[in-house]
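Pull up the model and turn it around a few times before reading on. We'll start with one pair of packed elements and then step back to the whole chain.

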Amino acid sequence: MQEFLFALTLSALPVISNFIGAMIAEALPSSKLTLGLALHAAAGVLLAIASTELIPRVAMSATGYAYAKPVWATILALFLGGAFFVWINQLLNLSKNRLQGVDHNTVSWVIFLSIAIDLFGDGLMIGTSLTIAPHLGVVLASGRVVAHIPEGFVTNAEFKSQNMPRTQRFWLLAAFLIPVWLGATLGYWGLRGQTDLPKLIVLAFTTGTLMVAIVEEIIPEAHQTQDTNWSTLMFIGSFALSMLFSSYLE
């Protein structure tokens, strides 16, 4: 039971960092430079997690160092994870396009849904990773903490621009605990005690979604802001720090 409570605690960290980012947006005026730095930092951290933590663990089954077989199962899961993100993102974009100019409250709920889906995936990934290796769960949760600060900043700034009351914004931010804890519960109890194959499949699926999110969403969005040399240094610096943090947790 203590391990499960640890999983819930870790999975709550991205929600807390989302709230921190929202508070920064609450206190400071929006700035393209600040937002660009935050997005570059998030991209660096997530790319480090995907390339140094997740992909090697998924690819091990293809190189013969993991116990799970057949190897095509995890590779297929990786592809399906990326395809799933593309499908969800397309649905959300279509919904936003249809709802824009109709009712800002309805648009806010579409934004809320997109973040809830992201946090559900975070919880699923953290809960599953803890059944593989505790260190992996800590690394993934820590990386998502950094990534959700700019996401919370952007989200609250958007809510403010739609004149949503502050109390309602705060309640929505607190409600993000529901999807992330649901994902962590399913990942932990659903895969605890299972063989390596289903764990690696779930991990590969979430890795695919994360890879597509980095390439198609976070990096392009970062380049839509005010790009400077500091942005590039923020990207590679956050990548290096994430690798350093992960190495000391081994």
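Helix 1 and helix 7 cross in a right-handed way. This is a predicted model, so keep that in mind as you look around. The two helices pack at an angle of about 145 degrees, and their axes sit 9 Å apart. On the helix 1 side, the contact is made by Glu3, Phe4, Ala7, Leu8, Ser11, Ala12 and Val15. Helix 7, which covers residues 177-191, brings Leu177, Val180, Trp181, Ala184, Thr185, Tyr188 and Trp189 to the contact. Sort the residues of this contact by character and you get 11 nonpolar, 2 polar and 1 charged.

Now follow helix 1 on its own. It takes in residues 2-27, and its end C-alpha atoms lie 37 Å apart. Does that fit its length, and what should you expect? With 26 residues at 1.5 Å a residue, the helix should span 38 Å, so the two values agree. Helix 1 isn't perfectly straight, though: there's a bend of about 25 degrees at Leu13, with a proline, Pro14, following within four residues.

Time to zoom out. The protein chain has 9 helices and 0 strands, so walking from the N terminus on, you meet the elements as α-α-α-α-α-α-α-α-α. The chain is made of 250 residues, and 45% of them count as buried. As for how the chain meets itself, take the contacts between residues at least 6 apart in sequence: 88% of these join residues at least 24 apart. The contact of helix 1 with helix 7 is a good place to go back to with that in mind.

How values were computed:
Residues are numbered from 1 along each chain as its sequence is written. This is a predicted model: local features need pLDDT of at least 70, side-chain atom pairs count only at pLDDT 80 or more; totals for chains, interfaces and linings use all residues. Side-chain values use heavy atoms; hydrogens and water are left out. The expected span of a helix is 1.5 Å times one less than its number of residues. The bend at a residue is the angle between axes fitted to the seven residues ending there and the seven starting there. Axes are lines fitted to C-alpha atoms, for helices over the stretch in contact, and angles run from 0 to 180 degrees between N-to-C directions. A crossing is left-handed if the near helix is turned anticlockwise from the far one by less than a right angle, and right-handed if clockwise. Contact means heavy atoms within 4.5 Å. Ala, Val, Leu, Ile, Met, Phe, Trp, Tyr, Cys and Pro count as nonpolar, Asp, Glu, Lys and Arg as charged, and the others, Gly among them, as polar. Buried means under 20% relative accessible area, exposed over 50%, partly exposed in between (1.4 Å probe, protein chains only).
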